[in-house]
Amino acid sequence: MTARSILTIPEPRLRKAAAPVTAIDSDLRALVADMFETMYEAPGIGLAAPQVGVMKRLFVMDCAGKDDAPEPMVFINPEIVAVSEELATSEEGCLSIPEVYEEVTRPAKVRLRWTGLDGVEHQAEFSDRPAVCVQHEFDHLNGRLFIDYLSAVKRTMITSRMRKLKREKARA
């Protein structure tokens with residue numbers, strides 16, 4: 001397992017839709033292991049393949065609390081099959097937009113269908129923190145970021161700040 005570099009905005013690949021995973025093989029298993037290593041090291045609770053520069057429909061998450069046993073989950077070619085009418089607002093952050101946290105409103109519950117690393121199709125309903133994480137990571141697979149749910153002014157301010165940080169890091 002190797003921690004990979006996480007792409008940050010305004011990296012153009014973060015705005016592109018990812019392609020379906022076509023094979024569950026040793027390369028994919030290695031990618032998943034690297035993604036978990038990267039996510040835990042960051043630290044974060046979710047990471048989509050495009051965030052590490054791999055344009056595949058795959059994400060990992062572990063929403064277990066700090067003092068709880070890990071609950072790693074792998075989602076290959078996920079599809080949202082239903083969302084609740086009820087909405088919930090919570091603070092979100094993103095490993096691709098470091099140190100930025102904003103309130104985002106999303107459906108409170110979501111039903112997802114995906115293929116696991118075992119090649120078996122799964123389906124489950126998520127609520128609370130896992131529902132937010134699933135929707136956030138699913139958005140990454142479609143080139144969407146949590147800042148897209150914010151006002152244009154806030155989004156522009158955040159993007160400008162990230163560009164400036166990138167320039168400063170490049171100079172250092």
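**A five-stranded sheet, its two helices and the largest pocket**

Strands β6 and β7 form a hairpin with five residues between them, and G119 in the turn has a positive phi of about 85°. Helices and strands are here DSSP runs numbered from the N terminus, with H or I over at least four residues for a helix and E over at least two for a strand. The model is a predicted one, in which local features need pLDDT of at least 70 and side-chain atom pairs count only at pLDDT 80 or more, while totals for chains, interfaces and linings use all residues. Residues are numbered from 1 along each chain as its sequence is written, and side-chain values use heavy atoms, with hydrogens and water left out.

The hairpin belongs to an open sheet of five strands, in the order β1-β2-β3-β6-β7 and with antiparallel pairing, where two strands are said to pair if DSSP finds at least two bridges between them. Because β1 (46-48) and β7 (121-127) stand at the edges, each with a single partner strand, one side of each is left without a neighbour in the sheet. On average, and with direction ignored, neighbouring strands of this sheet are turned by 40° against each other; for such angles, axes are lines fitted to C-alpha atoms, for helices over the stretch in contact, and the values run from 0 to 180 degrees between N-to-C directions.

Followed from β1 onward, the pairing begins with three bridges that join β1 to the antiparallel strand β2 (residues 58-61), and here G46 has M61 of β2 as its bridge partner. Strands β2 and β3 pair in the antiparallel sense over four bridges, with L58 standing opposite I76 in β3. Five bridges then join β3 to β6, again in antiparallel fashion; among the partners in β6 are R111 for A82 and L112 for I80. Between β6 and β7 there are seven bridges, also antiparallel, and V110 has F126 of β7 as its bridge partner.

In a regular strand the side chains alternate between the two faces of the sheet. Along β6, V110, L112 and W114 point to one face and are buried, whereas K109, R111, R113 and T115 point to the other and are not. The term buried stands for a relative accessible area under 20%, exposed for one over 50%, and partly exposed for values in between, with a 1.4 Å probe and protein chains only.

Two helices are in contact with the sheet, contact being taken as heavy atoms within 4.5 Å. Helix α1 (residues 26-41) packs on the sheet and touches β1, β2 and β3 (73-83), its direction making about 40° with that of β2. Helix α2 lies across β1, β2, β3, β6 (109-115) and β7, and runs at about 155° to β2. Within α2 is H140, which is buried with a relative accessible area of 2%. Apart from residues up to four places away in sequence, H140 touches K16, A48, P50, Q51, C94 and L145.

Several details of the backbone also deserve mention. The peptide bond from I9 to P10 is cis, with omega near 10°, and P10 is placed in the segment before α1. A cis peptide bond also joins A42 and P43, with omega about -10°, and P43 is found in the loop between α1 and β1. N77, in strand β3, has a positive phi of about 50° although it is not a glycine, and N77 is partly exposed, at 22% relative accessible area. E99, in strand β5, likewise is not a glycine but has a positive phi of about 65°; at 74% relative accessibility, E99 counts as exposed.

P43 appears again in the largest pocket, which is lined by 28 residues, with P43, G44, I45, G93 and L95 lying nearest its centre. A pocket is defined on a 1 Å grid over the protein atoms alone, as an open set of points where a 1.4 Å probe fits, with protein on both sides within 12 Å along at least five of seven lines, and lining residues have an atom within 4 Å of a point. The volume of the largest pocket is about 800 Å³, a volume being the space filled by probe spheres set on the points, which are joined across faces, edges and corners. To the lining, β4 (87-94), β5 (97-107) and α2 (128-141) each supply at least two residues.
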